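Q: I should like a close look at a single part of this protein, with its surroundings described afterwards. Please keep to what can be read from the model itself.

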Amino acid sequence: MGLAWWERIPAATALLTLATTVLAVACLAVPAPYAVRLPGPTVDTLGTSGDTPLITIEDEETFPSDGELRLTSVSVMGGPGYPVGAAQVLRGWWDDRITVVPRESVFPPDRTREEVDQQSQAQMVSSQENATIAALTALDYEVPVTLVIAEAVAGGPSEGVVEADDVITSVTIGSGDSVPVKDLADLTDLLKETDAGTEVTLGVLRDGEAQDLSILTAARDDGESGSVIGVLIDPEFDFPVQVDIEISNIGGSSAGTMFALGIMELLTEGDATGGHVIAGTGTMDASGQVGPIGGIVQKMNGSIRDGAEYFLAPASNCAEVVGNVPNGLQVIKIETLDQAWKAVQAIGEGTAADLPTCE
């Protein structure tokens, strides 16, 4: 009787095969220097967080909607406290819904997981405030702002001139007329038209008393035209309507656009969505500008998974959108809150086919 097949394998070959198998299994378990981005949860800004409405607006009539405006998120594996193994990285390279990136691009090596999470939560709070300002302004509410100086930039033109808690009220360029400053846009627009090295007079209130401060402007760090005065401003807003946003387990600034749209839908009579499920993403500044975000491929896939028919994408992310749109999802590019609101209205009216795309 001949030998069984396993008896015919030389001992050295068998040992080599076993060692290779053990090594391969070990490599799959070893933490890899990558972060893996997967589609995260989506949340309807017109819905609830637990038993609490996600957006609550006090002392103002709100209107129900049959549709959904879903903010999107990305789940990230990897980084301090949550390492990924080679198997997860290999899956990410194989699955086009998942993105594998160097770990340090998501989690800086000098930051702990707790510090990253704290920053993410701070960004979420800021995005909610900006979304509220932009939405109320778009609906013609007045949102007064006080420009409070937090501090002067070290080594900048205002160091030793301004003090913390000074309130900016006006700017005089050279020997020109004093120009009232009502908001941050007024200040930045004036400085964009002012050459570096120009003497300006900053009108402030210090402890309730008016003072004029002379400052020599400096060049912008980004190389753009205009100048800066080197102050950090902590604006204080007087909201005419109290808007509360309740959300947990999601951080970052990319939900701003969908928060703003949710506020506008609640405060606008009728149902702009027309009963459709609309998802989207994008940072939102107080002036209504939509900014770029990360993980848009994952956000589109999370949207289609959760029933979205349409997706609002920042125009600045279009390069990542092209070629990665899931079947059944219409992606609409937006640059401003006004464009995003008009897109929602067009979807509700059944005219979404004519909206701009990233293609």
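In which sense do strand E2 (residues 34-39) and E8 pair, and over how many bridges?

A: Strand E2 and E8 pair in the antiparallel sense, over four bridges. Two strands are taken to pair if DSSP finds at least two bridges between them; helices (H or I, at least four residues) and strands (E, at least two) are DSSP runs numbered from the N terminus. The model is predicted: local features need pLDDT of at least 70, side-chain atom pairs count only at pLDDT 80 or more, and totals for chains, interfaces and linings use all residues. Residues are numbered from 1 along each chain as its sequence is written, and side-chain values use heavy atoms, with hydrogens and water left out.

Within the pairing of E2 and E8, Arg37 has Val76 of E8 as its bridge partner. Both strands belong to an open sheet of three strands, ordered E8-E2-E10 with antiparallel pairing. Strand E8 (74-77) and strand E10 (99-102) are the edges; each has a single partner strand, so one side of each is left without a neighbour in the sheet. From one strand to the next, the twist averages 30°.

Helix H6 (residues 296-305) lies across E2, E8 and E10 and runs at about 30° to E2. Such angles run from 0 to 180 degrees between N-to-C directions, with axes as lines fitted to C-alpha atoms, for helices over the stretch in contact; contact means heavy atoms within 4.5 Å. H6 is mostly covered, as eight of its 10 residues are buried, where buried means under 20% relative accessible area, exposed over 50% and partly exposed in between (1.4 Å probe, protein chains only). Among the buried residues of H6 are Ile296, Val297 and Met300, and also Gln298, Lys299 and Asn301. Gly307, which follows H6, has a positive phi near 95°.

Beyond this sheet and its helix, the largest nonpolar core holds 45 residues, of which Ile57, Leu71, Phe259, Leu261, Leu312 and Val344 touch the most other members. A nonpolar core is a set of buried Ala, Val, Leu, Ile, Met, Phe, Trp, Tyr and Cys residues joined through side-chain atoms within 4.5 Å. The elements giving two or more residues to this core include strand E6 (55-58), strand E7 (68-71), helix H5 (256-267) and helix H8 (337-349). H5 gives the most, with eight residues. Leaving aside neighbours within four places in sequence, Leu261 is in contact with Leu69, Leu312, Leu337, Ala340, Trp341 and Val344. Another core, of 16 residues, lies apart from the largest one and has Val200, Leu202, Val204 and Val231 among its members.

A search of the whole structure finds one disulfide, defined as a pair of cysteine sulfur atoms within 2.5 Å. Cys318 and Cys358 form this bond, with their sulfur atoms 2.0 Å apart. The torsion about the S-S bond is about -65°, so the disulfide is left-handed. Cys318 lies in helix H7 (residues 318-321) and Cys358 in the segment after H8, so the pair ties together parts that are 40 residues apart in sequence. Both Cys318 and Cys358 are buried.

Two loop residues complete the account. Asp59, in the loop between E6 and E7, has a positive phi near 60° and counts as exposed at 78% relative accessibility. Asp165, in the loop between strand E11 (145-152) and strand E12 (167-173), has a positive phi near 80° and counts as exposed at 59% relative accessibility.
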